Structure formats: structure tokens, C-alpha cells
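These are my notes on the model you sent, set out as numbered points. They start with the enclosed space and then move on to the pockets, the strands and one helix residue.

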Amino acid sequence: MKIEDFCDMQKFESIMDNWAKSTGLATVAVGADGKYISKCYNFTDFCIKLTRGNKEGCKRCEKCDQEGQGVYSCHAGLVDFGIPITLSDGTVLGSVIGGQVLPEKPDDDKFRATARELGIDEEAYITALHKVSIKSRDQIEASANLLGDVINMFVRSCYQEKHNVTILETLHDGIAKAAEEIDGVNASTSQINGFCTRQNMLALNASIEAARAGDSGKGFAVVATDVQKLASGMAETSKEINESLARLTVTINGLNK
């Protein structure tokens with residue numbers, strides 16, 4: 001199951017964009033397979049162009065993306081976050097990741113050492129580092145949790161809406177099928193009514209013939225009477241069925257509109 005299959009991704013992107021603008025933090029959403037499902041917001045040159053632009057740096061970043069949970073310090077020295085996107089039953093659909101901020105004023109020497117280790121130009125690395133926002137860890141945690149709560153509520157709402165539509169469609173199909181079945185039963189009861197009429201006629205004819213036969217036709221008369229009773233019983237049952245079907249048909253047709 002993919003978030004894109006049931007979510008309004010335009011609204012999803014709007015939430016991500018507005019959150020990034022209001023907090024100054026970077027963020028992006030990824031699916032369960034780790035692939036991006038949203039645009040990247042507020043991504044810094046320090047992270048994207050330099051650290052992730054380096055083969056080894058990118059490898060380490062991807063490892064952090066996969067393993068990082070909650071708010072954590074990344075391999076490069078910035079603070080990032082990873083908040084799972086889940087359904088109410090706990091199914092994990094992906095996550096929102098980001099951060100790319102400093103919890104305090106950076107130690108340039110420490111970052112120069114990282115640049116040398118990765119083979120990145122030190123001066124370019126430090127210049128980009130000084131453009132990274134500084135946020136307290138409490139601010140980062142509060143912002144990350146807020147984004148996680150809002151995105152999860154939105155995704156679950158979209159999923160429930162899609163689920164409800166599916167249920168209604170299934171119900172509508174069932175109602176339509178029930179209407180067809182009722183039409184078939186109505187046709188069958190019409191045939192029963194026809195049988196009852198013919199049985200009554202046969203019983204009447206049999207009674208007439210039995211009367212003509214006199215004493216020798218008494219047994220025949222009993223049979224004719226039984227046939228007539230059976231026909232009357234079938235007619236009464238058919239009438240009750242028709243009345244019930246008529247009421248049910250009105251209800252089903254009303255639901256089927």
C-alpha cells in the first residue's frame with residue numbers, strides 16, 4: 001500500500017511546505033521503500049550539494065535516513081529527525097525525515113576534520129556550514145513531533161475516507177445485485193400465481209367430472225379437493241411473498257438511487 005494511492009498529495013505537499021517555511025527546518029517524505037514521495041523542502045547546500053554530493057557522504061546519509069528515529073545527530077554533525085507515517089493499526093507507510101540544523105554554534109575544526117575524511121573542500125564545507133540554522137534541541141523535537149502528528153492525522157483521514165468510499169461502492173453494488181434478485185423472485189412468484197390459477201381450474205374440472213361419475217368418482221373428488229386446497233394455500237403464500245417483496249423493493253430501490 002502506498003500513500004500516493006489514497007492521499008491528496010497536493011495537500012500533503014502543502015502541509016510539508018508550510019511547515020518547512022514556518023520552522024526553517026528541512027524535510028522530505030519517503031515511502032516504505034525509502035524513495036521520495038514529496039519535494040525536498042529547505043534542504044541545505046551543506047547537506048545536499050556537499051555531504052550528499054560526496055559518494056561516501058551520501059552513503060552515510062542514506063544509512064542515517066534508514067536507521068534514524070525521532071530526533072538524532074547525523075554522521076555529519078547536524079541534528080535530523082525521522083518520524084514514521086503509520087495507519088491507526090500500526091501499518092508503516094513511510095516517514096517524514098529532515099532537520100538539517102545545528103543545536104548550537106558549530107566547532108569549525110570538527111567539521112573541517114569531517115570534510116577531510118570525506119574528501120570535501122574544507123572552505124566550501126565551512127562556508128555552507130555557517131549558513132545552517134541553529135535551533136535548540138527542544139525546538140527541533142517540538143517541530144518534528146508537530147509535523148509527524150499533522151501528517152499522520154492527514155494520512156489516516158485520507159485513508160479512512162478512501163476506505164469509506166470503497167465500502168459504499170461495495171454496498172451500492174450489493175444493493176444493485178439485491179434489486180436484480182428481487183426482480184427474479186417477483187417473476188417466480190408471478191409464475192406461481194399462474195400455477196395456482198391452473199390448479200384451481202383443474203380441481204374444478206376434476207370436481208365436475210367426479211360429480212358426473214357418481215359413487216365411482218368419490219375418490220377422484222377427494223383428490224380434486226386436496227388439489228384445490230393446495231392451490232389456495234400456494235396462492236395465499238404467494239400473496240404474502242408478493243406483499244413482502246413489494247415493501248422490500250421500495251426500500252432497495254430507494255437505496256439504489
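1. A cavity, as the word is used here, is a set of grid points where a 1.4 Å probe fits but cannot get out, whereas a pocket is an open set. The model is a predicted one. With that meaning, a search of the whole structure turns up 1 cavity of 30 Å³ or more.

2. The largest cavity has a volume of about 140 Å³. Its lining is made up of 18 residues, and those nearest the centre are Cys 47, Arg 52, Asp 65, Asp 80 and Gln 100. Two or more lining residues come from each of α2 (45–51), α3, β3 and β4. By class, the lining of the largest cavity splits into 12 nonpolar, 3 polar and 3 charged residues. Three of the residues nearest the centre are worth picking out when you look at the model: Asp 65, Asp 80 and Arg 52 are among them.

3. As for the overall layout, the protein has 7 helices and 4 strands. Read from the N terminus, the order of elements is α-β-α-α-β-β-β-α-α-α-α. The protein has 257 residues, and 35% of them count as buried. The exposed area is about 15200 Å², with 54% of it supplied by carbon and sulfur atoms. Of the contacts between residues at least 6 apart in sequence, 62% join residues at least 24 apart.

4. The largest pocket has a volume of about 330 Å³. It is lined by 18 residues, and Val 30, Asp 65, Gln 66, Ser 95 and Ile 97 are the closest to its centre. The elements that each give two or more residues to this lining are β1 (26–31), α3 (55–67), β3 (79–86) and β4 (92–101). β4 supplies the largest share, 4 residues. The lining of the largest pocket holds 7 nonpolar, 8 polar and 3 charged residues. Asp 65 is named among the residues closest to the centre of this pocket, and Asp 65 is also named among those nearest the centre of the largest cavity.

5. Strand β4 deserves a point of its own. Is β4 largely enclosed or open to the outside? Of its 10 residues, 9 are buried, so β4 is largely enclosed by the rest of the structure. The cut-off for buried is under 20% relative accessible area.

6. β4 pairs with β1 and with β3. β1 and β4 run antiparallel and are joined by 6 bridges; Gly 31 has Gly 94 of β4 as its bridge partner. β3 and β4 are also paired in the antiparallel sense, over 7 bridges, and here Pro 84 stands opposite Ser 95 in β4. Ser 95 appears again among the residues closest to the centre of the largest pocket. The hairpin of β3 and β4 has 5 residues between the strands, and Gly 90 in this hairpin takes a positive phi near 95 degrees.

7. The other hairpin to check is the one formed by β2 and β3. Strand β2 (residues 70–73) pairs with β3 in the antiparallel sense over 4 bridges, and Ser 73 has Val 79 of β3 as its bridge partner. This hairpin has 5 residues between the strands, with Gly 77 at a positive phi near 105 degrees.

8. The second largest pocket has a volume of about 200 Å³. Of its 13 lining residues, Gly 77, Leu 102, Glu 104, Lys 110 and Phe 111 are the closest to the centre. Gly 77 is thus listed both here and in the hairpin of β2 and β3. Helix α4 (residues 108–118) gives the most to this lining, with 3 residues. By class, the lining of the second largest pocket has 5 nonpolar, 4 polar and 4 charged residues.

9. The last point concerns Arg 60, which sits in helix α3. How exposed is Arg 60? Arg 60 counts as partly exposed because its relative accessibility is 25%, and partly exposed covers the range between buried, under 20%, and exposed, over 50%. Leaving out residues up to four places away in sequence, Arg 60 touches His 75, Glu 117 and Leu 118. Arg 60 and Ala 76 are 16 residues apart in sequence, and their C-alpha atoms are 8.6 Å apart in space.

Key. Residues are numbered from 1 along each chain as its sequence is written. This is a predicted model: local features need pLDDT of at least 70, side-chain atom pairs count only at pLDDT 80 or more; totals for chains, interfaces and linings use all residues. Side-chain values use heavy atoms; hydrogens and water are left out. On a 1 Å grid over the protein atoms alone, a cavity is a set of points where a 1.4 Å probe fits but cannot get out, and a pocket is an open set with protein on both sides within 12 Å along at least five of seven lines; lining residues have an atom within 4 Å of a point. Grid points are joined across faces, edges and corners, and a volume is the space filled by probe spheres set on the points. Ala, Val, Leu, Ile, Met, Phe, Trp, Tyr, Cys and Pro count as nonpolar, Asp, Glu, Lys and Arg as charged, and the others, Gly among them, as polar. Buried means under 20% relative accessible area, exposed over 50%, partly exposed in between (1.4 Å probe, protein chains only). Two strands pair if DSSP finds at least two bridges between them. Contact means heavy atoms within 4.5 Å. Accessible areas come from the Shrake-Rupley method with a 1.4 Å probe; for residues, only the protein chains shown count as cover.
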